[in-house]
Amino acid sequence: MNTQNDQNAIFSKGEKVSADYFTGTAWLKILVPKDETGTYAVGNVVFEPGCRNNWHKHPAGQILLITDGKGYYQEKGKTARALAKGDVVVIPSHVEHWHGARPEGSFTHVVITNITAQGAVEWLAPVTDEEYYNLKIE
Ligand code: MN
């Protein structure tokens with residue numbers, strides 16, 4: 001049982017995400033499992049302070065809908081984009097990127113991920129502390 005739910009949160013926190021693909025602690029609640037069309041899935045992700053996912057790519061893109069807190073989105077080789085509640089990020093197919101919280105606070109987004117024969121995500125290397133703590137913000 002999860003006793004750490006934020007009473008103001010829109011969706012429940014769900015289950016702890018695998019540490020294989022995240023640095024720090026994150027929680028995933030599947031909101032819409034892959035349906036009979038097999039083309040997308042929807043989930044809610046809560047990142048605790050300092051948490052971010054690994055560098056990764058989506059074969060058919062992804063949409064982020066920010067619902068709480070402040071965080072970052074960065075594409076490889078570019079400055080990071082600062083994110084806050086109400087922001088929307090449209091992630092193109094095959095673009096290497098990561099998303100996550102700021103060091104000082106938690107961050108929550110809904111993810112809509114397209115699914116293809118190649119799957120939904122290709123996980124790559126962790127975002128190192130050196131990368132994360134030396135971000136250039138656009
Ligand atoms: Mn992504």
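# Exercises on rings, a metal site, strands and pockets

Both F22 and F47 are buried. That is our starting point for a few exercises on this predicted model. Have the structure open and work along.

## Exercise 1: A ring pair

Task: Classify the geometry of the ring pair F22 and F47, and find which parts of the chain the pair links.

Solution:
- Step 1. Start from the total: there are seven aromatic pairs in the structure.
- Step 2. For F22 and F47, the ring centres are 5.9 Å apart and the planes meet at 35°, so this pair is tilted. The classification rests on the cut-offs: planes under 30 degrees apart count as stacked and those over 60 as edge-to-face.
- Step 3. Now place the two residues: F22 belongs to strand β2 (residues 22-23) and F47 to strand β4, so the pair links distant parts of the chain, 25 residues apart.
- Step 4. Widen the view. Ring pairs join Y21, F22, F47, F107 and W123 in a cluster.

## Exercise 2: The manganese site

Task: List the donors of the manganese ion and work out their spacing along the chain.

Solution:
- Step 1. Collect the donor atoms. NE2 of H56, H58, H97 and H99, together with OE1 of Q62, coordinate the manganese ion at 2.2 to 2.3 Å.
- Step 2. Reading along the chain, the donors give the spacing H-x1-H-x3-Q-x34-H-x1-H.
- Step 3. Look at where two of them sit. Q62 is in strand β7 and H97 in strand β10, so this pair ties together parts that are 35 residues apart in sequence.
- Step 4. Check exposure: Q62 and H97 are buried.

## Exercise 3: The partners of β7

Task: Find the strands that pair with β7 and say how many bridges join each to β7.

Solution:
- Step 1. Take strand β8 (residues 81-84), which pairs with β7 in the antiparallel sense over four bridges. Here K70 stands opposite A84.
- Step 2. Inspect the connection. β7 and β8 make a hairpin with five residues between them, and G77 in the turn has a positive phi of about 85°.
- Step 3. Strand β9 (residues 88-91) runs antiparallel to β7 and is joined to β7 by four bridges. L65 has V88 as its bridge partner in β9.
- Step 4. Strand β10 (residues 97-101) pairs with β7 in the antiparallel sense over five bridges, and Y72 stands opposite G100 there.
- Step 5. Finish with β11, which runs antiparallel to β7 with seven bridges. In β11, L65 is partnered by V110.

## Exercise 4: Two pockets

Task: Describe the lining of the largest pocket and of the second largest pocket by residue class.

Solution:
- Step 1. The largest pocket has a volume of about 380 Å³. Its lining has 22 residues, with L28, Q62, V111, T113 and W123 nearest the centre.
- Step 2. Assign elements. Those that give two or more residues to this lining are β3 (26-32), β4 (40-47) and β11 (107-114), and β4 gives the most, with five residues.
- Step 3. Sort by class: the lining of the largest pocket holds 14 nonpolar, eight polar and no charged residues.
- Step 4. Turn to the second largest pocket, with a volume of about 250 Å³. It is lined by 14 residues, of which D6, A9, I10, D68 and T108 are the closest to its centre.
- Step 5. Here β4 and β7 (62-75) are the elements that give two or more residues to the lining.
- Step 6. By class, the second largest pocket is lined by four nonpolar, six polar and four charged residues.

Conventions
Residues are numbered from 1 along each chain as its sequence is written. This is a predicted model: local features need pLDDT of at least 70, side-chain atom pairs count only at pLDDT 80 or more; totals for chains, interfaces and linings use all residues. Side-chain values use heavy atoms; hydrogens and water are left out. On a 1 Å grid over the protein atoms alone, a cavity is a set of points where a 1.4 Å probe fits but cannot get out, and a pocket is an open set with protein on both sides within 12 Å along at least five of seven lines; lining residues have an atom within 4 Å of a point. Grid points are joined across faces, edges and corners, and a volume is the space filled by probe spheres set on the points. Ala, Val, Leu, Ile, Met, Phe, Trp, Tyr, Cys and Pro count as nonpolar, Asp, Glu, Lys and Arg as charged, and the others, Gly among them, as polar. Two strands pair if DSSP finds at least two bridges between them. Donors are N, O and S atoms within 2.8 Å of the metal (3.2 Å for Na, K and Ca); water is not among the atoms, so sites may look incomplete. Buried means under 20% relative accessible area, exposed over 50%, partly exposed in between (1.4 Å probe, protein chains only). Rings of Phe, Tyr and Trp (its six-membered ring) pair if their centres lie within 6.5 Å; planes under 30 degrees apart count as stacked, over 60 as edge-to-face and the rest as tilted.
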